[in-house]
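These are my notebook entries on what I looked up in this model, written in the order in which I went through it.

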Amino acid sequence: MPRPAPDDLTAFFWEGCNAGKLLIQRCLSCGTYIHQPRPVCSTCLSTDLAPAQVSGDGTVYSFTVAHQAFHPWFSDKLPYVLATIELVEQPNLRLVSNVVDCAPDEVEVDMPVSVVFREIEPGFVAPQFVRASP
Amino acid sequence: MGRRVALVGLGYSKVGRRTGLSPRELTIQCVKAALDDSGLTPADIDGYSTVGGEPLSDAQMLGMQPLSWFSQAMVAPAFSYAAIQSIVAVASGQCETALTTRIIQQQPTGNALLESAGASRSAGVPGDQQFLAPFGGGSPTQWAGMLTRRRMWEYGETEEQYGSHVVAQRSHASLNDDAIFRDPLTIDDYLAARYVAEPVRILDCDYPVDAGSAVIFTTEERARDLKQKAVFVESAALSSISGLDFEHLPDMVRTAPHHCSELLWSRTDLGPGDVDCAQLYDGFSFITFQWLEALGLCAEGEAGAFIAEGNTRLGGSMPVNTDGGACNVGRRHGANFCIEAARQIRGQCGERQVPGAEVSVWTNAVGPFAAAFLLTA
């Protein structure tokens, strides 16, 4: 399983997952959410940044159904849905993840989703997304 | 932009799968071909821009020093990055005659990628990739799947329209002795081809090869003395609109080609209506669709219908990728679009010739970065 090698900039994200929280870096000067994490805010150049919890609600901005694996761990997981999720907190705040608990052909662009945390492998918890309850 | 720049030489190495040729050997072959094509000698070259080569040691190996300009990049957007370096260097007067190469070796097959990915499983994934790899992301085919899906959703495109594109490109390739895939295809063949990252199918992907491609740019004055009909760079544009992760493009449908095309048209009195044929990057099929719209060769959202109606075939209103595109000639990483555009203006395309072609656009890349060029007689 290609697991993350977190550093000081990114460790908060995976610690959040372990605690069942979706944490996104946020600029304390202008409030912009930043993902993937960066050492500076591209909107205002502040370096005053800290993790903030988000709701986990979003929509499927786009997705693909993987029919070919590029890492052996995924060879027996085909087909799976790789999606870019737009989080509701900010336009263009996007996260890559999987849409799970439904057949790939049930996934649609613009579908409302919400985050769940799954232990993908012992000791590794990652965010996944499921169709949001109406 | 400065002095008027002309394209006076072009050439390829042997191109194919597992040629056994080293980057140096690919370089030697394509450079000799371009020198022969132009009638120039190594002593005439005083600029060298490359992606995939090593400008200083290549220049020494080929007897081209001293150089007044050199540039090396592994940065997107591929061949076009070296091309714009050469064009700007000649236009500004930094050098007179700039050799430009893209040297590429076949990337590993799917199975080889799988093996190497598995072999490094003990190391964690650092940086931005840690937010992609654990979810099974990381292959360009997958962002291609996402970008294709988003435009199909926004514009109501159908898989049959993508099939029309693939069939049209293959029909051009069947007229090109240099193409690797030449057997005609039908839309049914396309729809039966396997998905890699749905909706992208194996036939929507360019074909990895070993290839050396070389082009020589010089001044208008010098070009008039040489044996080939001069081809002029009427306009050139380079664009970067976002960070390198395609998955995080702010708009997955209108990307660098749109910004790039605005720049391209702002630098010339010519417009989309003056274009006779278009050589548009097809690393994945959707890229050609996006360039058609970005350049204003068809209306926004209309590329699918435009293609399905036959407009992009030879004989149609806007022949596209008259050499068959990278899906059929191999992933020469942008160079074939430049070379085919130049050959069309020279009148050297034989059965693929667009009659009286005087203006051709050629483009490279999509997503975070792109480049576009207008070539004229």
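I began with the contacts within chain B, and among those between residues at least 6 apart in sequence, I found that 73% join residues at least 24 apart. I note here that the model is a predicted one, and I read every value below with that in mind.

Next I looked up the overall dimensions of chain B. Its C-alpha atoms fill a box of roughly 55 × 50 × 35 Å when this is taken along the principal axes. I then asked what radius of gyration chain B has and how it stands against that of a compact globule. For 377 residues such a globule would have a value near 21 Å, and because chain B has 20 Å, I recorded the two as agreeing.

I turned to burial and surface. Of the 377 residues in chain B, 62% are buried, where buried means under 20% relative accessible area. The area that chain B exposes is about 13400 Å², and carbon and sulfur atoms supply 50% of it. For the charges, I looked up the mean positions of the 28 positive and the 43 negative ones in chain B, and these two positions lie 5 Å apart.

The secondary structure came next, and for chain B I have 13 helices and 11 strands. I followed strand β1 of chain B, residues 5–12, in some detail: 8 of its 8 residues are buried, so the strand is largely enclosed by the rest of the structure. Which strands pair with β1(B), and in what sense? One partner is β7 of chain B, residues 211–219, which pairs with β1(B) in the antiparallel sense over 7 bridges, and there I found Gly11(B) standing opposite Ala214(B). Another is β8 of chain B, residues 231–240, where the pairing with β1(B) is also antiparallel but rests on 3 bridges; in β8(B), Val231(B) is the bridge partner of Leu7(B).

As a reminder to myself for viewing such strands, side chains in a regular strand alternate between the two faces of the sheet.

My last entry concerns chain A, where 3 strands form an open sheet with antiparallel pairing, in the order β2-β1-β3. Its edge strands are β2(A), residues 33–34, and β3(A), residues 49–53, each of which pairs on one side only. Strand β1 of chain A, residues 23–27, is joined to β2(A) by 2 bridges, with the two strands running antiparallel. Within that pairing, I looked up Gln25(A) and found that its bridge partner in β2(A) is Ile34(A).

Definitions and conventions: Residues are numbered from 1 along each chain as its sequence is written. Chains are lettered from A and ligands numbered from 1 in the order in which they are written. This is a predicted model: local features need pLDDT of at least 70, side-chain atom pairs count only at pLDDT 80 or more; totals for chains, interfaces and linings use all residues. Side-chain values use heavy atoms; hydrogens and water are left out. Helices (H or I, at least four residues) and strands (E, at least two) are DSSP runs, numbered from the N terminus. The radius of gyration is taken over C-alpha atoms; the globule rule is 2.2 Å times the number of residues to the power 0.38. Buried means under 20% relative accessible area, exposed over 50%, partly exposed in between (1.4 Å probe, protein chains only). Contact means heavy atoms within 4.5 Å. Accessible areas come from the Shrake-Rupley method with a 1.4 Å probe; for residues, only the protein chains shown count as cover. Lys and Arg count as positive and Asp and Glu as negative; His and the chain ends are not counted. The place of a charge is taken as NZ of Lys, CZ of Arg, CG of Asp or CD of Glu. Two strands pair if DSSP finds at least two bridges between them.
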